[in-house]
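Trainee: I would like to go through this structure slowly and ask, for each term we use, what justifies it.
Mentor: Then let us look at it together and take the terms one at a time.

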Amino acid sequence: MKARQIILAAALSLLPLQFAHADSKPADFPLAERIKAKVAAGQPLDLYVSYHDVSNEFAPFMKAGVAKAAEADKVNANFIGPVGADADGQISEIETLMGKMDGLAISSVSTDALAPLIDRVLAAGIPVVTFNTDNPDSKRLAFAGQDLVQSGREAGKLMATTLGGKGKVMITTIDAAAQWSLDREKGAREALAAESGIEVVQTLNTGTDPQEIYSAIENAMLANPTVTGILSLECCSTPAAGTWVERNNAADKVKVVGFDLLDQTVGLVESGNIQATIDQAPEKQGFAAVDLLAKFIKGETIDNLDTGVGIYTKENIGEVAKK
Amino acid sequence: MADAVRTGARAPAMDRFSLSRLLRARETGVFFALLVLCIFLSIATDGFLTSLNLLNVGRQVSLLGIMAVGMTFVLISGEVDLSVGSTYAFSGLATGMLIIAGWGLMPAICVGLLTGVAIGLINGVLSTYGRLPSLIATLGMLSIVRGAALILTNGQPVTVNIRNGADAGVLETFSYMGQGYLFGIVPMQLVFFIIIAALAWIVLSYTNFGFRVFAVGGSAKAARVSGISVNTVKIWAFVLMGVLAAFAGILSLAFLPSGQAGRTGLGLELDVIAATIVGGASLSGGEGTILGTILGVLIIGVMRNGLVLMGVSPFVQELMIGLVIIIAVGIDKWTMRKRG
């Protein structure tokens, strides 16, 4: 592991991501009369934060960020969303609550399916921002989160640096067809294509169950014994790839770069079976979702907010382990 | 009176052995399908026919297989259980949380298995005395148990390691259950699967309980007339399913020491039912064997393994697995009709 190169890559990627500006001014938005009256009367606003799967690993962190922002901005913030990535469930819930909400922050299950609903909520005079997963085809006021293509690009660069510019890479994802996965894969492939010595062997769709994920990686590594790098696009195939490396004593031959800071991932970075992992600061995203809405309704201009990426390697993972 | 029931539903292992009977056995078609698949993959890929890969396949199908054994009893009895994926997650995560809380291995595993018993018992009572179709009762339980797992864990991953509070000795034994190798070769998960399948085969083929499971599934009315307590038999089938799903969930956490209530075992019930039906069990009850189920599980496992080895696109893989399920069951039904 070339620690200097990794730290350099980490430092570079901590730079803000390149988000397009999208200033949204309250004066340009026809706020619903009932919301205007509420603001004028100084009543607390009822904001809703709809997350695409309240049962996933990041939901508790998002929820914690939402609660912090609600306290800081003195608003009522309700954390809602479907159990499991269910677009119909998310749409139904928002439709049901539309009459009560003074603002909506949404991380969509499906960008295509949710875009018309977002525009409908906006047309009713209710401000909408997106967080975590953007919905650029809608008329949302602003987005708070990671630029997924860019974060994929950072992961690709990190993989290239770790491999010293040459090797065969397998990309893993728990849902190859999901928009977030396609975005990250696009960025990762772009960055890896920039290195002539690196070949992407395949994209492995692992499924979501832990056993399924591990088995898929095990089979794929047997089929492609010359793979020297595994680039995971999300939380959950990252520790599975690290575990495969650990159990096959392959840390010298196969390098792993992935996403997020699950307990198991932290341990595997510490033990040197995962070379680097990219954090997407879910609590910060939950906070920003509510904060942007509250500011906008109270009359401030808002813009897209990059919540950034944090890169953790063996050198700095101790900070997370201490927490 | 018992003979009257036997004519409608008889355990296949009781058939007298002969070559013609063997060729006409339901499992023979499934076995040949598996054989053809293995021969094709051996030619088409370099890595399939290696001891490492075959043992991997054995391990990869073990948890599915353990659950499919339980599902065989439920399907033969004329019922279905959709809550197995949720039970798998709940029991495994509950056991993991107890280990992290400092419990000993056996008490933690016993509690985990008891949760499976409780879920199976509720499924059984709702489907019999509660007069709910098992499809509906267990569909409700699928959601209830998944919700309970999310509440129990607060949606957070459960990672069983020393840092989170597990005792080193307990962790070592627990890990061996999921990650160990018997004689350094055979994965422990596969060992558990073989033992459970063998016991289930004996129970289904040579005990009164096995006979009664076939009887109630073949014709509940005839079984009742014969003095068999249909409700009791069905409840026991659900309890067995619950315990085996719980055990598979515990083994899963022992293998990969981290699970999450929103993902672990999600949709697994469909894989379990598919494998059991590919193996020859009937959704209308009264038919099925443990050997057939093992073959069905192997077909699904070998397909998944082979498609990855061949580098087939992930989207095509889903399509092919669906096709194989339909073709395998279609051939089985067609040959059954031909046999009259």
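Mentor: We begin with the word contact: two residues are in contact if their C-beta atoms, placed from the backbone, lie within 7 Å. Please also keep in mind that this is a predicted model.

Trainee: Which residues does Met141(B) touch, not counting residues up to four places away in sequence?
Mentor: With those sequence neighbours left out, Met141(B) touches Ser83(B), Ile119(B), Ile122(B) and Asn123(B). Met141(B) itself sits in helix H7 of chain B, which covers residues 134-153.

Trainee: Why does Met141(B) count as buried?
Mentor: A residue is buried if 20 or more other C-beta atoms lie within 10 Å of its own; Met141(B) has 26 C-beta neighbours inside 10 Å, and therefore it counts as buried.

Trainee: What makes Phe58(A) buried, and where is it found?
Mentor: Phe58(A) belongs to the loop between strand E1 (46-50) and helix H3 (59-73) of chain A. The cut-off is again 20 or more, and Phe58(A) has 22 C-beta neighbours inside 10 Å, so Phe58(A) counts as buried. For chain A as a whole, buried residues make up 56% of the 323 residues.

Trainee: How do you know that the radius of gyration of chain A agrees with that of a compact globule?
Mentor: For 323 residues, a compact globule would have a radius of gyration near 20 Å, and chain A has 21 Å, so the value agrees. As for its extent, the C-alpha atoms of chain A fill a box of roughly 65 × 35 × 35 Å, taken along the principal axes. Chain A has 12 helices and 12 strands, and, among its contacts between residues at least 6 apart in sequence, 75% join residues at least 24 apart.

Trainee: Why are H6(A) and H7(A) called oblique to each other?
Mentor: Helix H6 (residues 148-162) of chain A and helix H7 (residues 179-193) of chain A pack at an angle of about 40°, with their axes 6 Å apart. Angles under 35 degrees count as roughly parallel, and 65 to 115 as roughly perpendicular; the angle of H6(A) and H7(A) falls in neither class, and therefore they are oblique to each other. Their crossing is right-handed. The residues of this contact divide into 9 nonpolar, 5 polar and 8 charged.

Trainee: What makes H8(A) oblique to H9(A)?
Mentor: Helix H8 (residues 210-223) and helix H9 (residues 237-247) of chain A pack at an angle of about 50°, with their axes 9 Å apart. Set against the limits of 35 and 65 degrees, that angle makes H8(A) oblique to H9(A). H8(A) passes H9(A) in a right-handed crossing. Among the residues that meet are Ile213(A) and Ile217(A) in H8(A) and Ala240(A) and Trp244(A) in H9(A). By class, this contact has 8 nonpolar, 2 polar and 1 charged residues.

Trainee: How many residues of chain B are in contact with chain A, and which helix gives the most to that side?
Mentor: There are 30 residues of chain B in contact with 31 residues of chain A. Helix H4 (51-76), strand E4 (258-259) and helix H14 (290-309) of chain B each supply at least two residues of the side that touches chain A, and H4(B) gives the most, with 5 residues. By class, that side of chain B has 11 nonpolar, 18 polar and 1 charged residues.

Methods
Residues are numbered from 1 along each chain as its sequence is written. Chains are lettered from A and ligands numbered from 1 in the order in which they are written. This is a predicted model: local features need pLDDT of at least 70, side-chain atom pairs count only at pLDDT 80 or more; totals for chains, interfaces and linings use all residues. Helices (H or I, at least four residues) and strands (E, at least two) are DSSP runs, numbered from the N terminus. Ala, Val, Leu, Ile, Met, Phe, Trp, Tyr, Cys and Pro count as nonpolar, Asp, Glu, Lys and Arg as charged, and the others, Gly among them, as polar. Axes are lines fitted to C-alpha atoms, for helices over the stretch in contact, and angles run from 0 to 180 degrees between N-to-C directions. Angles under 35 degrees count as roughly parallel, over 145 as roughly antiparallel, 65 to 115 as roughly perpendicular and the rest as oblique. A crossing is left-handed if the near helix is turned anticlockwise from the far one by less than a right angle, and right-handed if clockwise. The radius of gyration is taken over C-alpha atoms; the globule rule is 2.2 Å times the number of residues to the power 0.38. A residue is buried if 20 or more other C-beta atoms lie within 10 Å of its own, exposed if 12 or fewer, and partly exposed in between; C-beta atoms are placed from the backbone.
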